[in-house]
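This report describes the fold, the nonpolar interior and selected side-chain contacts of the protein shown below.

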Amino acid sequence: MYNFKIFPQAIIAIIASFGSFIFGIALGWSAPAGPKLLDEDNSFTIPKSDIAFAASMISLGGFLASFTSGLIRNRFGTIKSIVIFSIPSTIGWLLLVFSQNSWMVIMGRFFIGFATGGYSFNCLTYIGEISSKQIRGILLTFYEINVKVGVLFVYILGTVTSLLVMNIIITAIVILYAFAFVALPETPMYLMIKGKTEEAKKSLKILRGNNYNCDAEMTEIQEEINEIEATKLSFAQEIKKKATRKAFIMVVIMFFFFQMSGINAVLFYMTTILIESGITFDPFIATAILGLIQLIAIISSTFFVDHYGRKILMILSNITMIFGLVGMGVYFHIKNTSSVSGFEFLTLVFLCIFLIGFSFGVGSVTFVLVGELFSLNAKKVVSSLAQGFSFLMSFVVATFFPSVADAIGIQYTFYIFATFCFMATIYLIIFLPETKGKSLYEIQQLLTNENKSIKISANIGFLLFGVSLAWSSVVGPQIVQNNDFKFWIQKKEFGIVVGIMSFGAAFSAVISGIIRHNIGTRKTILIFSIPSTLGYIFLTISWNLYTLILGRFLIGISIGCYSFLVPIYVGEISSNKNRGLMLGLLHILLNFGILFIYTLGYFTSVKTLNIVCASIPLFYATTFYALPESPIYLQSKCKHDLTENASILLRGDSYENKSTKQILKVEKQSFRDLVKIKSIRKALIIIIFQFFCFQLAGGNAVVFYSLQIFIDAQIQIEPIFAALITSSLQFIGSFFAAFYIRKYGRKTMLCIFNTFLVLSLIALGFYFLMKERSSSFIQDFRWLPLISLCIYLIAFGLGMAPITYIWFGELFTLDAKKTIAPLGQVVNHMLTFIVGLLFPILTEAIGLSFLFFIFATITTIDIIFVIVFVPETFGKSVDEIQKLLAQ
């Protein structure tokens, strides 16, 4: 350990970190300034839309600074860089002092943003380079703490002073900071990079004390500089490294969720939010209280990070934020429909929960991870790009928050932020490695070899499948009754809207296989995520029946690709032992998508629901593109090195790739040649018949029209709540199915649970038959439809639904997956189209009772078919399954 003094380093670090104090002031300024700029007693006023633009301009300036601050620092050093960035900062605050119109405020904020972006980069770099490694972590926490101190300071200043006085005081602080920083020593590392060894030694003496022996530390610094020079790479070279690329994607996604949590929207507009909530005491004082709570929370977080680890804190942080955001949404939801008198304090409580949750995890750990995930060279090359992306996202959120809140209601914006926090939680659970207590080398190895989450994350495509299936159930009753829409359509017309998605899916099931054969799974998924996003945008802005049909057709194109490629991909990357479990997860996520859309539909408007749905395909495409290509696909393209790398990534370093010889023995065959092979022909018959029974057992019909079925059944509880109950039970059932399938096999599970399907369908048919004949009968049996549908959906989720897709991934050879398997998906989607289109028509023609009896009959036939014709595939390789089919 070095014999150094701590006090000089601490004092210098505190002075340097005042740049982050100014950053915090700039972040929090719009909260007290916004209402004052709208106040007619102010010397001038500006429109509300311009306030939003002014608030967000700090982020746009910071975005531009993130690309220039490193260059300026490398050319002039940290001390001169801070002075240089103090010039636009001073100009910006003077523009606010003398402002008389919107453009002076907006330009002032832009200059301030550019300067604070420079402060942010230079302060962190400076503190990191002047600190001894033993206390570097503690001194770096001064940066984030001072950001919150700055926010609290401007909240208090805005409470006790006028806008003019507040701006004058802040201008003086900026000027004083520039003069104070000039008196600080330059960092020893920068001086040694420039060859100024004697000046570096003097700097170390100032930082560590006059009696400090500098030689050992200077040797270490020189070795670090030599290592940087030896490993120095351009951006193009650095991003080719897998660990850097994965870290970069991970950090960009974390910054995306950081901003989409709504933190800067809350910080920028906190006083306005409190005013709109109708809080009974001074909103400016309430803002200051919340700023103080956030400061205490961020200080407390420094004691948690190393004790509990990064990953668990990030997950708990997002969950806490969800509670706060949902609470705010529910509060404003109730306020807009009824009285909240006496409960105004709840906004303060929910905002406290949100800010505390943000501070002890997302707000602090994200920046720790930026420092830990990148190698030394990568930090200088790509970390500034990630930081720039964060500023850009902050600009987008801050600019559009007021207009989105006005357009759809502030409660729905909080629900959207909560949804993104939920998505962040899932992402962190699946992808984020734990870096606590690990060296830089160990972290880089984790990023290179991590394989536990690949198969799970690939299955997320089926979450989108579930979302698209259940959409019609939530939206149907509202659009038919003209709720939340500018137009209305008839039930029969809505049947077309429901079914057209499957028509699009049938079309894409064919072409996605051809595209995948040419460019691979990852790029195909990326391409087919675009129509889904466009489809939900059309649903959001729809103005007639045809825009609804177009939107659903585009969504269907994406769903056809997901439903075809994801089971094949998961089947190819999974071992024989775990294939059933991994493919079983498909239906778990499908049912989770159904539950998610019912829950979202219960709390939000249809427009908000569509906006959230539009973002999910983009999230999925980004995560899927980070996954390895299927080793079997790579080997079929004779990419042997890539095949080996993908196999090791999926199975571990000790895995021996045995697929090469097996695949090279397979000759490419045409559709006509393949269909002549008995095993493949039998596999096709099994899959087509299973999809036939899957659809005509009522699986998708119930999902498409569950709310309408509950409405027609006249049950005693709210139909949407009943749908939430049934979808929750279906999700739980499919979760257990993934594990039971491994123990009991496919055939046994399917036959047992198909029996429960038959019994529940007969009960539903009997209920609706008696309802049609005697309305008095149902008075004592209104519980029967809910119980029967619960049994039906649990049994469907445990049996037919997951096992059908497991067989789809298991029964075909590689060539057959490319040419034969799409035919099964085409049949599936065309049957879905027919069922979705005809269900409301047949309901009126023959009644629900006879439809349920037909579903029960088809399910009974499926039991007989499986017992007689289908082999048990549990634990068997592709070759073993083909031999069984050929018998």
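## Cysteines

The model is a predicted one. C123 is buried, with a relative accessible area of 0%. C751 is likewise buried, at a relative accessible area of 15%. The number of disulfides comes to 0.

## Overall architecture

The secondary structure of the chain consists of 43 helices and 0 strands. Of its 887 residues, 60% count as buried. Among contacts with a separation of 6 or more, 82% involve residues 24 or more positions apart.

The chain has an accessible surface of about 34500 Å². Carbon and sulfur atoms account for 67% of that surface.

## Nonpolar cores

The largest nonpolar core holds 248 residues, of which W29, M254, M270, F414, W471 and Y598 touch the most other members. Helix α27, spanning residues 545-573, makes the greatest contribution to this core, with 16 residues. A second core, separate from this one, has 10 residues, including M189, L191, A200 and I225.

When residues up to four places away in sequence are not counted, the contacts of Y598 include A470, S473 and V474. Y598 also touches V703, S706, L707, I720, A723, L724 and S727.

## Surroundings of S679

S679 belongs to helix α34, which covers residues 678-696. S679 is buried, since its relative accessible area of 7% is under 20%. Apart from neighbours within four places in sequence, S679 is in contact with Q882, L885 and A886.

## Aromatic pairs

The structure contains 26 aromatic pairs. In one of them, F21 and F153 adopt a tilted arrangement, with 5.4 Å centre to centre and 50° between the planes. F21 lies in helix α2 (residues 18-28) and F153 in helix α7 (residues 136-160), so this pair ties together parts that are 132 residues apart in sequence. F21 is buried at 7% relative accessibility, whereas F153 is partly exposed at 26%.

Y412 and Y415 form another tilted pair, at 6.0 Å centre to centre and with 55° between the planes. Both residues lie in helix α21 (residues 410-431), 3 residues apart, which is about one turn of the helix. Y412 and Y415 are both buried. In addition, ring pairs join Y119, Y126, Y177 and F181 into a cluster.

## Charges over rings

Two basic side chains are placed over phenylalanine rings. The charged end of K36 sits over the ring of F284, 5.0 Å from the ring centre. R75 lies over the face of F76, with a distance of 5.1 Å to the ring centre.

Notes
Residues numbered from 1 in each chain as written. Predicted model: local features only at pLDDT ≥ 70, side-chain atom pairs only at ≥ 80, totals over all residues. Heavy atoms only, no water. Disulfide = S-S within 2.5 Å. Buried < 20%, exposed > 50% of the residue type's maximum accessible area, 1.4 Å probe, protein only. Helix = DSSP H or I, 4+ residues; strand = E, 2+ residues; numbered from the N terminus. Contact = heavy atoms within 4.5 Å. Areas by Shrake-Rupley, 256 points an atom, 1.4 Å probe, with all protein chains shown as cover. Core = buried A, V, L, I, M, F, W, Y, C linked by side-chain atoms within 4.5 Å. Phe/Tyr/Trp six-rings, centres within 6.5 Å; stacked < 30°, edge-to-face > 60°. Lys NZ or Arg CZ within 6 Å of the ring centre and 35° of its normal.
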